[in-house]
Amino acid sequence: MTARRATGHPAPDIKPIRPYRYLILWAELLAVSWRRAPLLTAMQFVIPAGMAAAVIGGALALRVTVDAVIRGDTGSAVAGAAGAGLAGAAGIVLGALDSHTAGILIGKVAVLDLNPRIHRDITTLDGLEHLERSDFQDRLTLVRNAGWEIVLSLWSANGVLFAMLELTVMLLLLGTVNPWLLWLLAFAAVPLWFDQRGNNAIIRADLSAAEPIRRQRHLFDLATDPAGGKEIRIAGAGAELARRQAAAWDEATRLRLRAQLVAAGWRMAGWLLFTAGFGAALALVVHQATRGAGSAGDLVLAITVAAALRQSVYTGVRYTTNVASAGRVIEPYLWLRDYVRAQRNRAGGSAPAPPRLRHGITLDRVGYRYPSATGPALADISVHLPAGSVVALVGEYGSGKTTLVKLLGKLYRPDAGRILVDGVPLDELETRTWRSRISATFQDFGRFPTRFVENVGIGDLPRLPDRERIAAAVREVDATGLVDRLPDGLDTELDAAFGGVDLSEGQWQKTALARAAMRPEPLLFLLDEPTASLDAPSEQEIFDRQMARSRRSAAGTNAVTVIVSHRFSTVTGADLILTLHRGRLVEAGSHRELVAIPGGRYATLYRIQAEAYARKGRRPPESGPGGPNRGSPEPDVRPPGG
Ligand SMILES: Nc1ncnc2c1ncn2[C@@H]1O[C@H](COP(=O)(O)OP(=O)(O)OP(=O)(O)O)[C@@H](O)[C@H]1O
């Protein structure tokens with residue numbers, strides 16, 4: 001699903017990124033670099049210091065040489081010339097070392113520390129809400145694999161520092177020739193300042209372009225993904241998708257190009273001003289020398305330093321540009337970090353999940369609205385799910401069934417009301433341990449490009465190496481036949497896109513069911529249309545097995561089972577059926593109680609299914625507390641929309 005604009009839930013307590021945050025980030029990166037490669041890190045300070053010394057030392061040596069030649073002091077002239085030569089050579093060698101060592105260091109820290117940290121932060125963030133926020137997704141687009149640029153900014157900032165140092169010493173030297181030359185500092189600062197303005201325009205444009213870029217990538221993925229590709233080809237929508245992709249790309253390029261032009265304008269104006277100042281300074285020194293107010297050595301020093309000054313300013317500007325353009329990724333990176341931190345703080349909850357349920361799960365005026373939605377997906381839901389019971393959720397499309405399931409799994413937090421587990425608010429339970437006691441399958445199940453055995457085993461990570469347990473989970477969901485047909489059995493690599501074997505939709509779903517069967521003692525079974533991709537006999541078989549498992553668990557941990565299904569055969573045997581309508585709970589009771597409500601929603605839906613049976617010459621499914629009905633395949637009767 002594409003993320004929609006986040007109009008609802010504000011980003012949790014995220015403050016604007018202030019400049020001092022850059023300093024803190026660089027200090028952190030410096031510490032990481034030091035731990036990762038101390039020698040390379042030290043070189044990033046030693047080399048630029050050596051380069052600055054070489055430039056200044058070279059200029060001073062030239063002055064000594066020229067003055068010594070004029071005085072006829074051969075010894076000093078030779079020593080000065082040798083010094084100038086050495087300084088020049090040292091500058092060249094250090095310059096080459098500088099870019100190589102910096103590249104290696106940045107690569108190490110970016111690839112081994114920063115990028116994995118970004119990925120870890122995002123994948124371990126609790127809940128799903130962030131993945132559905134457009135502000136989060138926009139930043140993620142910019143930050144994805146941006147580790148290099150972020151680490152580069154540290155060493156660019158370091159480069160700016162050394163360039164400033166070099167500039168200061170150069171200006172002091174120029175000041176000894178003529179104090180008016182100090183004005184060159186002002187001219188040297190102009191390109192830096194103008195460049196900064198241009199870069200700010202680029203940062204703003206990049207953030208605005210993030211959404212069209214994400215859109216065009218999504219359209220590209222849509223067209224190249226085999227699942228979506230089928231429908232696109234049948235519908236003949238390929239050209240239209242390509243047109244939309246091109247339009248999104250055009251929009252992004254236009255925004256960026258305009259900003260680049262603005263930045264280029266600022267840059268050019270800055271350099272023109274600097275060149276004017278530089279020319280005036282040279283004219284001044286020449287004028288002074290011709291009037292005999294300075295030595296020839298001073299003139300050479302001034303020309304050498306002023307020329308080197310241009311290079312220093314250029315280097316300073318280049319590094320400043322790097323730092324400023326890194327703002328493009330640093331700002332979203334810090335924003336994401338703040339978001340992750342705020343969410344983690346909000347996550348709270350330290351109470352352990354109970355070993356077994358005593359009373360059950362209570363929903364007390366629960367409400368939830370998606371960040372991008374204008375209305376609530378769930379409102380004012382109050383109901384008790386007794387320990388050991390099987391609860392079915394029914395209702396039309398979009399009535400809130402999946403949302404309720406996700407709230408129980410703590411994937412979202414209610415905006416209103418509370419969920420209580422044996423009287424303890426779900427918020428107060430530690431999320432990790434609560435989730436470790438849930439066994440869940442969803443209609444949009446995961447397909448992991450790994451071996452079959454791992455696809456199932458990750459359902460309970462600590463038991464991933466336990467092949468016996470995995471084989472038992474496979475048996476439990478009746479997937480042994482599927483494994484037998486795989487070329488390497490449990491060890492078959494899955495997913496054709498990654499060189500493995502592809503499974504049918506139903507086979508993937510069975511794999512997901514086996515994965516959900518891995519947990520030994522769940523307190524909660526969440527089954528959100530767990531058999532939507534299976535044929536009716538398989539579905540019946542799966543539900544029979546699940547019911548047996550639920551009843552067994554009820555005897556052990558007193559687990560609650562929550563099933564979402566559109567087929568009534570799976571619903572009639574539930575202890576409690578909840579009918580949702582437009583996010584509200586409109587009916588609750590057993591099958592017998594609900595069908596007895598004249599004109600009731602459930603009764604109406606059930607009647608529609610019964611009539612469908614009658615038309616097909618079959619008996620409608622019998623209800624009963626003992627479990628779901630067995631029998632012939634049934635039509636999938638979905639409730640009419642609201
Ligand atoms: N990620 C989301 N962002 C915004 N709105 C959402 C999101 N997911 C669901 N909704 C909206 O919330 C409401 C409830 O959706 P939910 O998926 O819970 O319904 P459902 O009863 O499970 O539907 P179905 O039977 O089609 O699976 C719908 O109006 C839907 O459009």
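Strands β1 and β2 run antiparallel and are joined by six bridges, and within this pair Leu363 has Val383 in β2 as its bridge partner. The model described here is a predicted one, and this report works outward from that strand pair to the rest of its sheet, then to a second sheet, the ligand shell, the helix contacts and the annotated spans.

**The antiparallel sheet**

The pair belongs to an open sheet of four strands, whose order is β2-β1-β4-β5 and whose pairing is antiparallel. Because β2 (378-386) and β5 (424-425) each have a single partner strand, they stand at the edges, and one side of each is left without a neighbour in the sheet. Helix α10 packs on this sheet, where it touches β1 (360-368), β2 and β4, and the direction of α10 makes about 120 degrees with that of β1. On the other side of β1 from the pairing already described, the order of the sheet places β4; β1 and β4 pair in the antiparallel sense over five bridges, and Asp364 has Arg418 in β4 as its bridge partner. Strand β4 (residues 416-421) also pairs with β5, again in the antiparallel sense, over two bridges, and there Leu420 stands opposite Pro425 in β5.

**The mixed sheet**

A further open sheet is formed by six strands in the order β6-β7-β8-β3-β9-β10, and its pairing is mixed. Its edge strands are β6 (438-441) and β10 (584-589), each of which pairs on one side only, while neighbouring strands of the sheet are turned against each other by 15 degrees on average, direction ignored.

Which sense of pairing joins strand β7 to strand β8? Strand β7 (residues 524-528) and strand β8 (residues 560-564) pair in the parallel sense, over five bridges, and the bridge partner of Leu527 in β8 is Ile563. Strand β9 (residues 576-581), by contrast, runs antiparallel to β10 and is joined to it by five bridges, with Leu580 standing opposite Leu585 in β10. These two strands, β9 and β10, form a hairpin that has two residues between them, and Arg582 in the turn has a positive phi of about 50 degrees.

**The ligand shell**

The ligand has 13 residues around it, of which Tyr370, Ala377, Gly398, Thr402 and Thr403 come nearest. By class, this shell is made up of four nonpolar, seven polar and two charged residues. Which helix gives the most to the shell? Helix α10 (residues 401-408) does, with three residues, and α10 is also the helix that packs on the sheet containing β1, β2 and β4.

**Helix contacts**

Two packed helices are described by the angle between their axes and the distance between the axes, and the table sets out these values for two helix pairs.

| Helix pair | Angle | Axis distance |
|---|---|---|
| α1 (residues 19-36) and α5 (residues 147-177) | about 100 degrees | 10 Å |
| α4 (residues 134-143) and α6 (residues 184-224) | about 95 degrees | 9 Å |

With an angle of about 100 degrees between them, α1 is roughly perpendicular to α5. On the α1 side the contact is made by Trp26, Leu29 and Leu30, and on the α5 side by Val151, Leu154 and Ala157; the residues of this contact divide into six nonpolar, no polar and no charged.

Helices α4 and α6 pack at an angle of about 95 degrees and are therefore roughly perpendicular to each other. In this contact Ser134, Gln137, Asp138, Thr141 and Leu142 of α4 meet Asp206, Leu207, Ala210, Glu211, Ile213 and Arg214 of α6, and by class the contact of α4 with α6 has four nonpolar, three polar and four charged residues.

**Annotated spans**

The unreviewed UniProt entry carries the annotation "transmembrane region" for residues 43-62, 171-194 and 264-286. In the model, the span of residues 43-62 is 100% helix and 0% strand, with its end C-alpha atoms 28 Å apart. Residues 264-286 are likewise 100% helix and 0% strand, and the end C-alpha atoms of that span are 33 Å apart.

Conventions
Residues are numbered from 1 along each chain as its sequence is written. This is a predicted model: local features need pLDDT of at least 70, side-chain atom pairs count only at pLDDT 80 or more; totals for chains, interfaces and linings use all residues. Axes are lines fitted to C-alpha atoms, for helices over the stretch in contact, and angles run from 0 to 180 degrees between N-to-C directions. Angles under 35 degrees count as roughly parallel, over 145 as roughly antiparallel, 65 to 115 as roughly perpendicular and the rest as oblique. Two residues are in contact if their C-beta atoms, placed from the backbone, lie within 7 Å. Ala, Val, Leu, Ile, Met, Phe, Trp, Tyr, Cys and Pro count as nonpolar, Asp, Glu, Lys and Arg as charged, and the others, Gly among them, as polar. Two strands pair if DSSP finds at least two bridges between them. UniProt positions are given in the numbering used here, feature names are shortened, and annotations may be inferred rather than shown by experiment. A residue is near a molecule or strand if its C-beta atom, placed from the backbone, lies within 6 Å of it.
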